[in-house]
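Here are a few friendly notes to read alongside the model. Please have the structure open as you go through the points.

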Amino acid sequence: MDDGLLTTSTIDRDSFRDAMSRFAAAVHLVTTDGPAGQRGLTVSSACSVSDSPATLLVCLNMSSPENDRFEANGNFAVNLVAAADEPVARAFAGEGQLAPEERFAKAEWDTLQTGAPVLTSALASFDCRLIEASVVATHRVLIGEVVAVRTNPRAAALVYLDRAYRHL
């Protein structure tokens, strides 16, 4: 009888990815800047770790050597993307194969405390000082202490579900 159950010995990458696509996740732009250079990308793998002290976690794929800049710079900002900024999220996800400076030119940015770029239209931005980085399988897990926060008026959020952007 096939009840749709996969055990540890039979879980393959595609089955795992298909199951994970059913998670509704907030869309974030994670950015950094400093001596190693500017970098930004769209992620759905970001979450709070603690509120005392305020701490966030993000996961970055190690397939891109440019993602090493986050650790080298020692900072990152997590920008919660509003639905109206879906084109910006798409650009930072690689659509259109834009150069980094072209991606950043699609929106307005400033900085709070660490120097990491903060999206001025983000629903919320968390400016973080990197306190820990570790490699887990294919990803680098970054943990940052939040040193500054900015919120904007409430608006529809951008989420990712079933491999598509949705407005909520």
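1. A good place to begin is β3 in this predicted model. Arg39, Leu41 and Val43 point one way from β3, Gly40 and Thr42 point the other way, and all are buried. In a regular strand, side chains alternate between the two faces of the sheet. Five of the five residues of strand β3 (residues 39-43) are buried, so the rest of the structure largely encloses this strand.

2. Next, the partner strand. Strand β2 (residues 28-32) pairs with β3 in the antiparallel sense, over five bridges. If you want one bridge to look at, histidine 28 has valine 43 in β3 as its partner. The hairpin of β2 and β3 has six residues between the strands, and glycine 37 takes a positive phi near 110° there.

3. Now to the rings: the model has four aromatic pairs. In one of them, phenylalanine 92 and phenylalanine 104 have ring centres 5.0 Å apart and planes at 85°, so this pair is edge-to-face. Phenylalanine 92 belongs to helix α3 (residues 86-92) and phenylalanine 104 to helix α4 (residues 100-104), so the pair ties together parts twelve residues apart in sequence. Both phenylalanine 92 and phenylalanine 104 are buried.

4. Which other ring does phenylalanine 92 pair with? Tryptophan 109 forms a tilted pair with phenylalanine 92, at 5.7 Å centre to centre and 55° between the planes. Since tryptophan 109 lies in strand β7 (residues 109-110) and phenylalanine 92 in helix α3, this pair ties together parts 17 residues apart in sequence.

5. Taken together, ring pairs link Phe92, Phe104 and Trp109 into a cluster. Phenylalanine 92 has 3% relative accessibility and so counts as buried, the cut-off being under 20%.

Notes
Residues numbered from 1 in each chain as written. Predicted model: local features only at pLDDT ≥ 70, side-chain atom pairs only at ≥ 80, totals over all residues. Heavy atoms only, no water. Buried < 20%, exposed > 50% of the residue type's maximum accessible area, 1.4 Å probe, protein only. Helix = DSSP H or I, 4+ residues; strand = E, 2+ residues; numbered from the N terminus. Pairing = 2+ DSSP bridges. Phe/Tyr/Trp six-rings, centres within 6.5 Å; stacked < 30°, edge-to-face > 60°.
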